[in-house]
Amino acid sequence: MSGAEFVPLSLTPLLIGIFAAVACALPGNFLVLRKQALIGDAISHVVLPGIVVAFLLTGVIAAWPMMLGAAGAAILAVVLIEAIRRLGKIEPGAAMGVVFTAMFAGGVLLLEQTDTSTVHLDVEHALYGNLESLIWLDASGWSSLLDPEALAGLPVELPRMGVTLLLVILFTWLLWRPLKISTFDEGYARTIGIRTNLLGLALVVMAAIAAVAAFDAVGSIIVIAMFICPPAAARMMTNRLERQIAWSVVFAVASAVSGYVLAGYGPLWLGGTDAVSAAGMIATMSGLILALTARFGPCRSRTGAPSQA
Amino acid sequence: MLWDALTLQLGYNATLVAIGATLLGIAAGVTGTFLFLRKRALVSDAISHATLPGVCLAFMVMAALGGDGRNLIGLLAGSALSAWVGLLCMNWLTSRTRLAEDAAIGSVLSVFFGFGVVLLTVIQTMGVGRQAGLEGFLLGSTAGMLWADAMVIAAGGAATLALVMLIRRPMMLVAFDPEYAAARGLPVGRIDLAMMGLVMAVTVVGLKIVGLILIVALLIIPPVTARFWTERSDHVVLISGFAGGLAGYLGAALSASAPNLPTGPIIVLVSFAFFALSLFLAPVRGVLAAVLRHIRFQRRVHMRQGLLALAQGQTIYEPLTLRLLRRAGLVRPDGVPTETGKARSAKALRDEKRWELVRADQAHEATAALYDGLRDIETVLTRDQIAEIDRRIGGPQEVRP
């Protein structure tokens with residue numbers, strides 16, 4: 001395949017997919033270790049009412065209001081979960097289940113009630129995004145990468161996802177020590193003066209930002225898969241946090257690339273004519289990687305502690 | 001319009017949906033209770049998302065064999081099969097690897113759902129014309145529900161309910177105390193699996209009405225709601241079934257009464273409304289009850305401290321204490337105690353002294369543990385015991401100048 005075809009059609013979706021996958025996998029490592037993996041699931045559900053409300057308020061499909069709406073909904077959900085957990089003395093899993101299903105139902109209802117036939121806003125899009133459509137029409141080949149005129153026509157999702165990824169990397173790098181200590185031993189972290197509540201909230205907010213930005217480009221299904229599968233697979237490979245994060249990045253990139261390629265070209269190899277959903281395929285590939293590591297990974301089994309979770 | 005819907009006067013389809021939704025709500029509420037008490041509520045999320053690839057595969061197989069791809073029984077069988085596979089994957093991940101349950105739930109949920117989305121796009125490109133119904137399983141679609149569909153849902157719901165009733169005792173035991181259940185010789189692993197199997201059955205039955213994303217709500221919200229009203233597990237099961245059934249019925253009726261009201265989300269929102277009401281209004285565990293309890297406690301503390309201050313001749317400045325004493329007729333508006341006030345405060349001071357002796361006495365150790373500064377001593381000691389303590393305190397003595 002030549003550059004003239006690859007650069008405009010596949011380069012940008014591929015890069016966006018990789019950026020989104022890595023941006024979600026990084027905070028995912030800490031969420032999985034802290035047994036908060038399902039926060040990603042909850043956030044990706046409540047994003048829907050957030051963007052619908054943002055659309056109703058502004059009347060346009062624009063990136064910033066929607067991202068603000070989604071972020072607002074994510075924070076509201078986290079606050080509600082915490083409030084219900086404390087006020088009603090309900091275990092966190094059930095509190096989460098109550099909040100995100102109710103908010104998602106509200107989002108679907110709002111969507112049905114408003115006339116969105118003129119704009120591209122529906123539940124299916126929210127769930128599995130549309131990675132394939134983020135093409136770079138102004139490009140004509142590899143040389144376009146140096147051509148400022150063509151670069152101006154890049155899909156906006158690419159720089160936005162890149163900035164989010166940088167933000168996530170910066171967050172992880174700056175707060176590395178406190179994050180690591182408080183993840184493994186919260187009591188010790190408190191005694192040496194780390195404000196663990198605040199740090200936990202910051203982590204969730206960071207995850208929400210990554211989720212919302214990724215959701216905008218690739219849909220919520222990738223978000224949930226990337227929060228959990230690459231870190232979980234990396235967990236099977238090593239006992240050291242540094243290596244686990246490195247592995248999770250490798251797995252995230254591998255599932256993004258292989259998923260995109262298989263979705264785009266797999267059916268053609270099998271004699272089909274049309275591509276299948278890239279987002280779904282990326283999630284599937286991450287699951288395959290997790291299955292392989294769970295079967296053969298060197299550190300897959302539990303040592304010491306009994307199996308009761 | 002709403003009244004017509006509530007009394008099932010709104011036509012054939014609406015009636016079918018209302019009956020189906022009610023049965024589904026009851027079955028989901030009852031089954032979900034065990035899941036909730038076992039603290040594994042979100043397992044249902046993984047199970048429900050894992051149905052999607054099965055639905056798609058069943059459609060593809062049935063279409064390839066030349067049949068009608070939308071046969072509900074076939075689709076439900078396929079969804080049950082893939083949900084079962086997802087459940088086994090999740091169990092394997094938690095028992096054989098180091099992953100915690102939440103990570104296992106999340107990975108099964110996202111991977112199975114992602115694979116289902118891939119299959120959905122494959123079906124779209126297969127060129128089989130009648131695939132349009134499959135997206136309906138995401139959020140439920142009751143518009144074109146047939147008599148046969150309703151029968152499948154009703155029969156499935158009833159069968160699930162009967163099974164739950166059959167094995168409710170071992171499930172309850174495992175939910176409360178798995179170690180004790182294991183010590184009694186119950187097969188805890190298999191009972192857990194049976195519990196999940198029942199949840200899966202409810203999920204599959206509910207696919208047509210509320211869809212696979214929102215069925216979780218029917219399994220989680222009613223038990224949480226019911227838990228506010230009672231401390232007894234069998235009552236939780238009953239109330240949860242009732243709340244689920246009522247939400248299903250009201251939701252279906254509401255959605256039939258106006259256009260653009262999708263059944264699944266409305267049922268979930270009605271259910272959530274019940275939850276919110278219970279959260280605030282439930283008699284013991286509700287927020288309102290807790291606030292009232294706090295206010296009552298605060299008043300008792302202020303009253304007690306105010307009486308002690310009066311007895312010792314101290315002036316009271318604290319506004320709440322003054323207001324309480326004045327309202328009870330114990331002090332005059334200028335802060336001077338009335339006759340009753342003097343009597344009550346003398347009694348309060350004497351009680352405090354009695355408690356002091358009780359707490360210093362080893363023989364009253366158990367009673368002393370009840371001391372919280374508010375409890376009336378008459379409620380924990382007999383009249384004879386109090387008389388004995390009073391002898392030790394002694395009566396008033398003459399003060400000689």
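Good morning. A helix, as I use the word, is a DSSP run of H or I that covers at least four residues, and a strand is a run of E of at least two. On that basis chain A has 13 helices and zero strands. I should say at once that the model before you is predicted.

Let me stay with chain A. Read from the N terminus, its pattern is α-α-α-α-α-α-α-α-α-α-α-α-α. The radius of gyration of chain A is 20 Å, and the globule rule gives 19 Å for 309 residues, so chain A is as compact as a globular protein of that length. Its C-alpha trace spans about 60 × 50 × 40 Å along the principal axes. As for burial, 49% of the 309 residues of chain A count as buried. Among the contacts in chain A with a separation of 6 or more, 74% come from residues 24 or more positions apart.

Chain B is the next subject. Chain B has 19 helices and zero strands. How does its radius of gyration stand against that of a compact globule of 401 residues? Such a globule would have a value near 21 Å, whereas chain B has 31 Å. Along its principal axes, the C-alpha trace of chain B spans about 115 × 55 × 35 Å. Of the 401 residues in chain B, 45% count as buried. Contacts between residues 24 or more positions apart make up 69% of those in chain B with a separation of 6 or more.

I turn to the interface. Here 57 residues of chain A are in contact with 51 residues of chain B. Which helices of chain A each supply at least two residues to the side that touches chain B? They are α2 (38-58), α3 (63-87), α4 (92-113), α5 (123-128), α11 (220-235) and α13 of chain A. Of these, α4(A) gives the most, with 14 residues. By class, the side of chain A that touches chain B holds 31 nonpolar, 16 polar and ten charged residues.

Now to helix packing. Two packed helices are described by the angle between their axes and the distance between the axes. In chain A, helix α12 (residues 241-269) packs against helix α13 (residues 278-296) at an angle of about 130°, and their axes are 7 Å apart. That angle makes α12(A) oblique to α13(A). The crossing of α12(A) with α13(A) is right-handed. On the α12(A) side the contact is made by A:F251, A:A254, A:S255, A:A256, A:S258, A:G259, A:Y260, A:L262, A:A263 and A:G264. Facing them in α13(A) are A:A278, A:M281, A:I282, A:T284, A:M285, A:S286 and A:I289. This contact of α12(A) with α13(A) has eleven nonpolar, six polar and no charged residues. Helix α13 of chain A, I recall, is also among the helices that supply residues to the side touching chain B.

For chain B, the pair I have chosen is helix α2 (residues 12-37) and helix α11 (residues 188-206), which pack at an angle of about 155° with their axes 10 Å apart. Angles over 145 degrees count as roughly antiparallel, and α2(B) and α11(B) are therefore roughly antiparallel to each other. Their crossing is left-handed. From α2(B) the contact takes B:L24, B:A27, B:A28, B:T31, B:F34 and B:L35, and from α11(B) it takes B:M195, B:L198, B:V199, B:V202, B:V205 and B:G206. These residues divide into ten nonpolar, two polar and no charged.

I close with three single residues. In chain A, two lysines have a positive phi. For A:K35, phi is near 60°, and this residue lies in the loop between α1 (3-33) and α2 of chain A. A:K35 has 13 other C-beta atoms within 10 Å and is partly exposed. For A:K89, phi is about 50°, and its place is the loop between α3 and α4 of chain A. Is A:K89 buried or exposed? With 12 other C-beta atoms within 10 Å, A:K89 is exposed, because the cut-off for that class is 12 or fewer.

In chain B, B:P170 is located in helix α9 (residues 168-176). B:P170 counts as partly exposed, with 18 C-beta neighbours inside 10 Å. Setting aside neighbours within four places in sequence, B:P170 is in contact with B:L186 and B:I191. The C-alpha atoms of B:P170 and B:L134 are separated by 37 Å, and the two residues are 36 apart along the chain. Thank you.

Methods:
Residues numbered from 1 in each chain as written. Chains lettered and ligands numbered in written order. Predicted model: local features only at pLDDT ≥ 70, side-chain atom pairs only at ≥ 80, totals over all residues. Axes fitted to C-alpha atoms, helices over the stretch in contact; angles between N-to-C directions. Parallel < 35°, antiparallel > 145°, perpendicular 65-115°, else oblique. Left-handed = near helix turned anticlockwise from the far one by under 90°. Contact = placed C-beta atoms within 7 Å. Nonpolar A, V, L, I, M, F, W, Y, C, P; charged D, E, K, R; others polar. Rg over C-alpha atoms; globule rule 2.2 N^0.38 Å. Buried ≥ 20, exposed ≤ 12 C-beta atoms within 10 Å, placed from the backbone.
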